[in-house]
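Hi everyone, thanks for having me. Today I'd like to walk you through one protein model, step by step, and you are welcome to follow along on the screen.

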Amino acid sequence: MDSTSIITQVCKEDEIISSSQEKVSQSGLSLKKQRSRSFFSSFFCCFRDYNVESNSNSSSNVQSPAVEENGSIAKPINNADFIVPVEIDGTVHQVYVLKRPHVDLFLQKMGQLFECVLFTASLAKYADPVADLLDRWGVFRARLFRESCVFHRGNYVKDLSRLGRDLSKVIIVDNSPASYIFHPENAVPVQSWFDDMSDTELYDLIPFFEGLSKEEDVYTMLQNLRGSF
């Protein structure tokens, strides 16, 4: 790993990592499952933000962090899987997290196939405890938060060149094109997910990533994926 890499929260060497509950697009992918891998590949993914509710009755003008990465507003939810109290500017907020269907299986599978890093423009003070609850298998190798992003033209960009990895083996899964504007050729573009509990897209994308894990570099398959939209 490059000594200038921003990946600093690294767990024990034999620990595999995984990423987020972001929505992934079906896009008609039908690759055969391939369970072995031929190279040590990196899977960099962002982490979906959460709905936040204040516990305080104060009339002070505290900005709620109930905003998803790069500006979209999150809506309240009533069937949260996790509720995490977070103190922001002296006010305790409740962070409500709804798990996307099949996210547990998706995380486990990605951890078997790739070196995976959580990369989010969210604040560590609430993304970190949520990641603790989501990652029941201890698969996150590193966690990168807002301070690891580059603020560019009003957006928090995840600069993959700063990760200390061979970019031909790096993937970013993200619902915001602004987040990967520096490296669109490394992206798996996905749609935001909110509360559709019949969704199967995380499950449906597993065969694609199994196939991708066998490639010497990611660019050809990702180019084909982008061309299918």
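Before I point at anything, a word on naming: helices and strands here are DSSP runs, with at least four residues for a helix and at least two for a strand, and they are numbered from the N terminus. With that in hand, let's place a residue: R100 sits in the loop between β4 and α1. Please keep in mind that this is a predicted model.

Let's stay with R100 for a moment. Is R100 buried or exposed? R100 is buried, because its relative accessible area is 1% and buried means under 20%. And what does its side chain touch? The side chain of R100 makes a polar contact with the side chain of D199, at 2.8 Å.

Now let's step back to the whole protein. How many helices and strands does the protein have? There are four helices and 10 strands. If you read the elements from the N terminus on, the order is β-β-β-β-α-β-α-β-β-β-β-β-α-α. The protein has 229 residues, and buried ones make up 51% of them. Its accessible surface comes to about 10700 Å², and carbon and sulfur atoms account for 48% of that. Here is one more number for the overall picture. Take the contacts between residues at least 6 apart in sequence: 75% of them join residues at least 24 apart.

Next, the inside. In soluble globular proteins, nonpolar side chains tend to be buried together. In our model, the largest nonpolar core has 30 residues. Which of them touch the most other members? Those are M110, I171, V188, F208, F209 and L212. Several elements give two or more residues to this core: β3 (82-88), β4 (91-97), α1 (103-113), α2 (124-134), β9 (170-174), α3 (201-212) and α4 (219-227). The most comes from α3, with six residues. Apart from this core lies another one, of 14 residues, including A121, A142, Y180 and A187.

Let me zoom in on one of those core members, V188. V188 belongs to strand β10, residues 187-189. With a relative accessible area of 2%, V188 is buried. Which residues is V188 in contact with, leaving aside its neighbours within four places in sequence? The list is I171, I172, V173, D174, F208, F209, L222 and L225. Look at V173 in particular: V173 and V188 are 15 residues apart along the chain, and their C-alpha atoms are separated by 4.9 Å.

Now a helix, and for this one it helps to look down the axis. An α-helix has 3.6 residues a turn, so residues three or four places apart point the same way. In α2, the buried residues include Y126, A127, V130, A131 and L134. Why are they on the same side of α2? Because they cover an arc of only 130° around the axis. And what do the buried residues of α2 pack against? Their partners are β3, β4, α1, β5 (115-119) and β6 (142-144).

Just ahead of that helix, in the loop between β5 and α2, you will find S122. S122 is buried, with a relative accessible area of 0%. The C-alpha atoms of S122 and R146 are separated by 5.4 Å, although the two residues are 24 apart along the chain.

For contrast, try Q112 in helix α1. Q112 counts as exposed, because its relative accessibility is 53% and exposed means over 50%. Q112 and E210 are 98 residues apart in sequence, and 9.6 Å apart in space from C-alpha to C-alpha.

A quick look at the backbone now. Most residues other than glycine have a negative phi, and most peptide bonds are trans. D89 has a positive phi, near 55°. You can find D89 in the loop between β3 and β4, where D89 is exposed at 64% relative accessible area. H102 also has a positive phi, of about 75°, and is not a glycine. H102 lies in the loop between β4 and α1 and is partly exposed, at 36%.

Last stop, the cysteines. A disulfide is a covalent bond between the sulfur atoms of two cysteines. How many disulfides are counted here? The count is zero. As for where some cysteines sit, C116 is buried at 0% relative accessible area, and C149 is buried at 10%.

That's my tour, so thank you for listening!

How values were computed:
Residues numbered from 1 in each chain as written. Predicted model: local features only at pLDDT ≥ 70, side-chain atom pairs only at ≥ 80, totals over all residues. Heavy atoms only, no water. Disulfide = S-S within 2.5 Å. Buried < 20%, exposed > 50% of the residue type's maximum accessible area, 1.4 Å probe, protein only. Core = buried A, V, L, I, M, F, W, Y, C linked by side-chain atoms within 4.5 Å. Arc of directions from axis to C-beta. Contact = heavy atoms within 4.5 Å. Polar contact = N/O pair within 3.5 Å; in protein donor to acceptor, adjacent residues only side chain to side chain. Areas by Shrake-Rupley, 256 points an atom, 1.4 Å probe, with all protein chains shown as cover.
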